[in-house]
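Please open the model in your viewer and keep the selection tool at hand, since each stop on this tour begins with something to select.

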Amino acid sequence: HEFLEFEFRPDGRLRYANNSNYKNDVMIRKEAHVTPAVMQELRKTIEDSEILKEDDENFLAQAGFLSKQEQKHKEQTASHAEGGVDVGQCITSPKLTSTAAPSSFALHSLHNMPGEEEEFYVRYYVGHKGKFGHEFLEFEFRPDGRLRYANNSNYKNDVMIRKEAHVTPAVMAELRKTIEDSEILKEDDENWPAPDRVGRQELEVVCGKEHISFTTSKIGSLADVQASKDKEGLRVFYYLVQDLKCFVFSLIGLHFRIKPV
């Protein structure tokens, strides 16, 4: 039995399973929790597709995919619907097909999406010049949702990787929430280590009327943070950068996967 299956639960829980016996592969099982903004975007995708207006009776029955038992169940469900019975009661997992209004968290994300009247911009750069020339990683999110990514390394004559994509307002809202929750806008880079021969980091954020532009050296580990004059501020920067990198790498992977779904 080879299959691919995934589900999104109402609480944001994502479950994924992929089973293949080719070359004695084992089943892959993954589980994660996604944010309310992601759930809201998923819901919007479903509703915009208008799949809820469709019926699989014709193309499944004609293709021979429905067993006699399944066809009988469909007929019973249809007769219940005609008699005024809620079809939703016939579904084994009503929670998964709930059409309830979005949670207060999802609505909060939607109401706080950056609009044209309030600019939101993020840019991050880390790099150094050494044996293999100028090697760096840089990405930016523009107010219109445009994501630009560049990764340059001359190791083994590698070429620069450039990617560009557009993300949805929900993604921009989640990015903004990550920035604001980190409280990086309250920090100051005055007492942070200055860029040196090891490398340089830059973080620029425009969030409404607030604008920060930080520069510091490359941070190898938390030991470098502890050795600085501003431990708390640099720690906020260090963890935020990790979150931003994971965020961007996930988006790039989704937009430019090697094996399209």
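Begin by selecting Tyr-238, which is buried, with a relative accessible area of 16% (buried means under 20% relative accessible area, exposed over 50%, and partly exposed in between, with a 1.4 Å probe and protein chains only). Add Tyr-239, which at 41% relative accessibility counts as partly exposed. The ring centres of Tyr-238 and Tyr-239 lie 5.4 Å apart with planes at 70°, so this pair is edge-to-face (rings of Phe, Tyr and Trp, the last by its six-membered ring, pair if their centres lie within 6.5 Å; planes under 30 degrees apart count as stacked, over 60 as edge-to-face and the rest as tilted).

This is a predicted model, in which local features need pLDDT of at least 70 and side-chain atom pairs count only at pLDDT 80 or more, while totals for chains, interfaces and linings use all residues. Residues are numbered from 1 along each chain as its sequence is written, and side-chain values use heavy atoms, with hydrogens and water left out.

Next, select Phe-141 and Phe-247, whose ring centres are 6.1 Å apart with planes at 55°, so the pair is tilted. Phe-141 belongs to strand β5 (residues 133–141) and Phe-247 to helix α7, 106 residues apart (helices, H or I of at least four residues, and strands, E of at least two, are DSSP runs numbered from the N terminus). Phe-141 is buried, with a relative accessible area of 1%.

Finally, select Trp-192, Phe-214 and Phe-237, which ring pairs link into a cluster; a search of the whole structure finds eight aromatic pairs.
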